[in-house]
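Please look over the sequence and the structure shown here before reading on. The briefing that follows takes up the domains, the cavities and a patch on the surface in turn.

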Amino acid sequence: MNEQARKPARKKVELDPRFVSYRHVWVFIESERGEVHPVSWELLGEGRKLADALNVDLCGVVIAGPGERGKGICAEAFGYGADKCYLLQDPVLADYRNEPYTKALTDLVNTYQPEILMLGASTLGRDLAGSVATTLKTGLVADCTELLIDTESRNLAATRPTFGGSLLCTILTQRHRPQMATVRPRVMAMPDADPSRRGEIVEVPFAMLETSIITKVLEYIPDDSRDKPNLPFADIIVAGGRGLKKPENFALVWDLARVLGAEVGGSRPVVQAGWIELDRQVGQSGKTVRPKLYIAAGISGAIQHRVGMDGADVIVAINSDPKAPIFDFAHYGIVGNAMTVLPALTEAFKAHLAQARKAG
Amino acid sequence: MHSVVCIKQVPDSAQIRVHPVTNTIMRQGVPAIINPYDLFALEEALRLKDRFGGTVTVVTMGPPMAEAALRKCLSYGADDAILVSDRSFAGSDTLVTSYALTATLRKIMESMPVDLIFTGKQTIDGDTAQVGPGIAKRLDYQLLTYVSKIVDVDLEHREIRVERRAEGGVQLLKTTLPCLITMLEGTNEMRFGDLDDLFRAARYELKVWDRTVIGIEDPETVGVKGSPTVVSKVFAPRPRSQRAEIIDLQDDSPKNLASTLLARMFTQHPKLEREIAKRAR
């Protein structure tokens with residue numbers, strides 16, 4: 001069903017007595033092969049605010065294989081604001097698999113009873129969050145863009161886009177704990193790390209035999225990072241939309257991106273038309289980005305696109321339609337034909353960079 | 001081989017507009033479509049049927065009008081279609097939706113065992129990606145999300161191998177049947193149904209099951225009452241306080257527009273100029 005059909009809550013709903021003692025804010029620290037997904041640090045930054053509002057601890061959950069730098073990850077988590085980290089390391093947890101990870105996190109929640117549990121809305125985080133929430137029969141709010149605490153009820157007010165970003169809705173989990181939420185990478189700001197911060201590591205044993213796990217990882221083929229686009233963490237993005245008219249014209253976007261050392265992105269229609277690959281889609285059903293500069297060429301600025309790039313520091317829009325919605329939220333607008341403005345911009349940036357090079 | 005594909009009828013989000021004054025969704029004229037991500041799941045199930053024979057059943061939970069989405073699936077080649085519809089389902093969140101769909105799947109299994117359950121990776125209206133994992137957990141099925149390719153199915157040994165999109169790479173996974181697969185988009189292309197299927201779809205008497213048929217006795221366990229989450233507020237995104245600074249010199253050349261933009265942008269955002277200057281090195 002959808003959220004529109006659901007009527008706003010009227011009467012106050014009390015917390016189920018089973019959960020009254022649930023305390024503390026947890027963040028699942030997502031790591032693969034010792035590499036932490038940066039969304040986990042963004043969540044710790046946000047989790048710190050929630051924990052302070054509730055006057056409780058902020059705890060990280062680190063799940064990894066035995067050979068991986070589990071304690072090193074915990075130490076980093078303390079730097080980003082965690083007070084405590086639960087660390088589970090076991091051979092069956094070396095590769096992400098739904099079954100052992102769901103059991104590990106569910107058992108941990110049942111033992112230590114947090115009131116809030118947050119995960120990154122990555123492929124791993126979504127797979128795990130949905131499974132854990134169903135096992136615990138608790139509420140889960142996906143892709144939150146704002147998290148606030150009602151200090152009296154200790155409820156988490158989780159706001160998320162709905163209907164492709166056309167509207168926002170605030171969702172509460174009043175009777176159940178933990179209140180679960182996922183947040184996409186780059187939606188929350190990256191906190192500053194304080195390497196001098198210390199915390200407590202709680203090592204938790206995990207007893208699950210490999211023979212009892214049905215799904216096996218036969219092979220892991222890492223992406224070639226050289227040609228894998230990483231839009232969420234790009235500093236400059238040049239994006240194109242339907243206004244470019246033909247797939248060949250997308251070369252103009254690539255040209256400008258090359259000069260700026262930028263990533264290339266696009267709106268949903270051009271990704272669906274196959275002009276650029278899926279990983280480059282910006283928006284509600286694609287990536288959320290936070291670059292220092294976002295240049296949108298021939299993109300009308302539908303709300304689905306906007307929710308993915310609204311966090312950019314500076315947005316430049318090129319569109320031939322002066323009434324295009326993108327001019328309502330871009331910082332600079334050029335009303336004109338993207339096919340002629342893009343090459344001019346490329347030349348202007350080239351000249352500017354040549355000058356900077358000369359100045360040293 | 002029996003595959004069940006769970007689909008959802010959604011408003012085409014690309015065509016949704018919000019009323020500027022009342023901040024409500026303007027539904028008029030917005031077409032209802034099959035959630036586009038579900039089509040990849042359906043096509044994959046149909047391909048397995050092409051290879052191994054068997055049956056493809058489509059299921060949806062929704063209002064009576066969702067029948068149209070099921071007929072469309074039949075026209076693509078699905079064999080059977082079930083609409084799960086009950087007034088008490090209104091306002092169900094993802095946890096309750098997975099509960100009702102699981103009850104439906106159990107009912108289906110009473111007459112025919114299920115080998116594979118397919119869903120799309122998420123819907124375009126809710127975007128949660130929670131119902132697929134929810135069904136898998138409730139049925140205690142192995143869960144394979146974001147599957148980009150079904151490598152092979154060994155029906156004799158009841159094994160399946162798939163490629164799954166993970167965060168930094170691709171996992172080659174092996175598991176046993178039955179299991180639940182959420183299909184990644186762009187992995188296949190929906191076929192054109194043939195004329196026979198089109199006629200069959202129009203005439204087909206699809207099953208409409210209400211709450212009691214799927215064995216959910218207590219109406220308080222579904223809908224708003226059964227859902228742990230509750231929507232407390234719906235509102236429109238805040239508009240930015242300022243419109244873009246339009247660089248529009250009458251009849252000016254693109255070259256001048258570009259240099260004017262750079263000059264203004266770098267004066268107002270010196271940090272950005274330094275960031276770009278870094279790239280000169």
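In this predicted model, the centres of domain 1 and domain 2 of chain B, taken over C-alpha atoms, are separated by 48 Å. The domain assignment places domain 1 of chain B at residues 2-226, while domain 2 of chain B covers 240-281.

**Cavities**

- When the whole structure is searched for cavities of 30 Å³ or more, seven are found, and the second largest of these has a volume of about 80 Å³.
- Residues of both chains line the second largest cavity, among them G130(A), A133(A), T134(A) and L140(A) from chain A, together with D93(B), T94(B), L95(B) and Q130(B) from chain B.
- P228(B) and T229(B) also belong to the lining of the second largest cavity.
- Helix α4 of chain A, residues 123-136, and helix α3 of chain B, residues 94-111, each supply at least two residues of that lining, and the largest share, three residues, comes from α4(A).

**A nonpolar patch on chain B**

- On the surface, L195(B), L198(B) and F199(B) form a nonpolar patch, and together these residues have about 320 Å² of accessible area.
- One member of the patch, L198(B), lies in helix α5 of chain B, which runs over residues 195-203.
- L198(B) counts as partly exposed because its relative accessibility is 47%, a value between the 20% under which a residue is buried and the 50% over which a residue is exposed.

Methods: Residues numbered from 1 in each chain as written. Chains lettered and ligands numbered in written order. Predicted model: local features only at pLDDT ≥ 70, side-chain atom pairs only at ≥ 80, totals over all residues. Heavy atoms only, no water. Patch = residues over 30% accessible without salt bridge, like charges linked within 9 Å, V, L, I, M, F, W, Y side chains within 5 Å. Areas by Shrake-Rupley, 256 points an atom, 1.4 Å probe, with all protein chains shown as cover. Salt bridge = Lys/Arg side-chain N within 4 Å of Asp/Glu carboxyl O. Helix = DSSP H or I, 4+ residues; strand = E, 2+ residues; numbered from the N terminus. Buried < 20%, exposed > 50% of the residue type's maximum accessible area, 1.4 Å probe, protein only. Domains from an automatic or database assignment. 1 Å grid on protein atoms, 1.4 Å probe; cavity = no way out; pocket = protein on both sides within 12 Å on 5 of 7 lines; lining within 4 Å. Points joined across faces, edges and corners; volume = space filled by probe spheres on them.
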